[in-house]
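This briefing is for a reader meeting the structure for the first time. Please keep the sequence and the model at hand while going through the points below.

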Amino acid sequence: MSAALLCRTRIILQKPFVASVKNTSSKAFVATTSSETQGYHGWRYNSTNFASIAAAGLALGSAAAATIALCDVQQQQPPAHKRERKVTAESYIQATSPEHLLKQAHSELTAEEERLEEAALKAKKHGGGLKLFSGNGNMGLSLEIAKILGINLGKATVGQFADGEVNVQIHENVRGKDVYIIQPTCPPVNNNLMELLLMVSTLNRASARRITVVIPYYGYARQDRKMQARVPISAADVARLLEAMGIDRVIAVDLHCGQIQGFFGPRVPVDNLDGGIVGIDHFGSKDLHNPVIVSPDAGGVYRAKKFKEGLAHKYEMNDIGLAMIIKQRARAGTVDKMDLVGDVADCDCILVDDMIDTAGTICKAAAVLKEKGARRVFAFASHGLLSGPGNERIANSVMEECVILNTIPSSPQREANEKLVVLSVAPLLAQTIFNIHAKKSISALFK
């Protein structure tokens, strides 16, 4: 047996096995000819010497059996003149990873197709644990956000029992998921607020990993401090209610005042998005003559200043002016007197505010600007409540157009108003949700 083994070893030394393997850290290169591959498979499955090789393995050990097997493969190869020529290094068969195959597929795509493919892969990568739910506050906006994100709204029942109590039931598994609830607390404020609170409670009891509430319009925001004796600070009380139900984060659009962010504890971060970035694109496309940004009250000067700076930076309008109107209220919702600070003669004025409720302030401010010689008057507000006679007042005002965002659902009366222009805030909210879920910066959206 040892003589035969030496003979076979000598044969191996004379005819070395052609298959060569080079292992690196990331790739394996195997060079072989097709005839050698066929010979190997023929030996592996059809060789009559398989039994003898197995017996040799039992007697001599695995190393000797492997030597005999290699020799047997060489003996089964065809003569040298019939054998195919050895392959060169360029014809090595390369064992590649799935990522490498994807890169090869991407190399055949155009630049636009590669961009879309990368965006789809990124969304798929970060969208696995994301769940999106909505109450009845603004279903149209929620559907638009879901469409932009490329996901479906979560299945849930949000309605009322016969006695008017809110009925909430989630029909999907949310255990360990990052859940986002889209629900503005707009009119009917109390119903929408109760829906939001009970949805947060339901999802917490269903073991959701993290709950982020997206509140395009934050109700009760105007009562943010005690202006007189024996009144509540409703904005802080609503924040405490939401925090007590177990929310992890808040996304809002143009809070009535910035200090509302401080009403939530340090464990609940608040992202107050600037809705003015949507209006900047709208007014930047207009042919404005001597534009002036006007704040309808002293508290909104900072908001008007940011709008002015954004318009100047993005559209290179370096001659934009800034003005302010000081108003004196007789009572809530009623303005007694207005005084203009600034020059608006022969200028296109843009009134910038966070919300329009009954439209009394914005319409009277537009009239004051016209009296002071303004050429055209526009208005922009993030939230168009248009309570009571608000829609009619805008229709009969001296304004060229009034631009609002769709943070509050529309109505047939609003759509019939020719001076009312509604812009969508869905792209901004969708990008914010994606950035938060993907752990990316939000401030980069406003640079």
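In helix α12, the buried residues are T361, I362, C363, A365, A366, V368 and L369. The model is predicted, and every value below is computed from it. The points cover two helices, the aromatic pairs, one cavity and one pocket.

**Helix α12**
- Helix α12 runs over residues 360–371, and its 12 residues should span 16 Å at 1.5 Å a residue.
- The C-alpha atoms at the ends of α12 are 17 Å apart, so the expected span and the model agree.
- G373, just after α12, has a positive phi of about 100 degrees.

**Helix α8**
- Helix α8 covers residues 189–205 and has 17 residues, for which 1.5 Å a residue gives an expected span of 24 Å.
- The end C-alpha atoms of α8 lie 25 Å apart, which agrees with that expectation.
- The buried residues of α8 are N192, L193, E195, L196, L197, M199, V200, S201 and L203.
- These buried residues pack against the strands β4 (130–134), β5 (156–160), β6 (166–170), β7 (178–182) and β8, and against helix α9.
- S207 follows α8 and has a positive phi, near 70 degrees.

**Aromatic pairs**
- Four aromatic pairs turn up in a search of the whole structure.
- One of them is formed by Y218 and F264, which meet edge-to-face with 6.5 Å from centre to centre and 75 degrees between the planes.
- This pair links distant parts of the chain, 46 residues apart: Y218 sits in the loop between β8 (210–215) and α9 (234–245), and F264 in the loop between β9 (249–253) and β10 (270–273).
- Y218 and F264 are both buried.
- F283 and F307 also form an edge-to-face pair, with centres 6.2 Å apart and planes at 75 degrees.
- Because F283 belongs to helix α10 and F307 to helix α11, their pair ties together parts that are 24 residues apart in sequence.
- F283 has 0% relative accessibility and therefore counts as buried.
- F307 has 3% relative accessibility, so F307 counts as buried too.
- F283 and F307 belong to a cluster, linked by ring pairs, that also holds F378 and F380.

**The cavity**
- A search of the whole structure finds one cavity of 30 Å³ or more.
- The space in this largest cavity is about 30 Å³.
- Its lining consists of Y217, Y218, A221, D254, L255, H256, D354, M355 and H383.
- By class, five residues of the cavity lining are nonpolar, two are polar and two are charged.
- Y218 thus appears under two topics, as a partner of F264 in an aromatic pair and as a lining residue of the largest cavity.

**The second largest pocket**
- The second largest pocket holds about 430 Å³ of space.
- The pocket has 16 lining residues, and those nearest its centre are I277, I280, G310, F446 and K447.
- Helices α10 (276–284) and α11 (301–315) each supply at least two residues of this lining.
- Which helix gives the most to the lining of the second largest pocket? Helix α11 does, with six residues.
- The lining of the second largest pocket comprises seven nonpolar, three polar and six charged residues.
- Helices α10 and α11 thus contribute to the pocket lining and also carry the paired rings of F283 and F307.

Definitions and conventions. Residues are numbered from 1 along each chain as its sequence is written. This is a predicted model: local features need pLDDT of at least 70, side-chain atom pairs count only at pLDDT 80 or more; totals for chains, interfaces and linings use all residues. Side-chain values use heavy atoms; hydrogens and water are left out. On a 1 Å grid over the protein atoms alone, a cavity is a set of points where a 1.4 Å probe fits but cannot get out, and a pocket is an open set with protein on both sides within 12 Å along at least five of seven lines; lining residues have an atom within 4 Å of a point. Grid points are joined across faces, edges and corners, and a volume is the space filled by probe spheres set on the points. Helices (H or I, at least four residues) and strands (E, at least two) are DSSP runs, numbered from the N terminus. Ala, Val, Leu, Ile, Met, Phe, Trp, Tyr, Cys and Pro count as nonpolar, Asp, Glu, Lys and Arg as charged, and the others, Gly among them, as polar. The expected span of a helix is 1.5 Å times one less than its number of residues. Buried means under 20% relative accessible area, exposed over 50%, partly exposed in between (1.4 Å probe, protein chains only). Rings of Phe, Tyr and Trp (its six-membered ring) pair if their centres lie within 6.5 Å; planes under 30 degrees apart count as stacked, over 60 as edge-to-face and the rest as tilted. Contact means heavy atoms within 4.5 Å.
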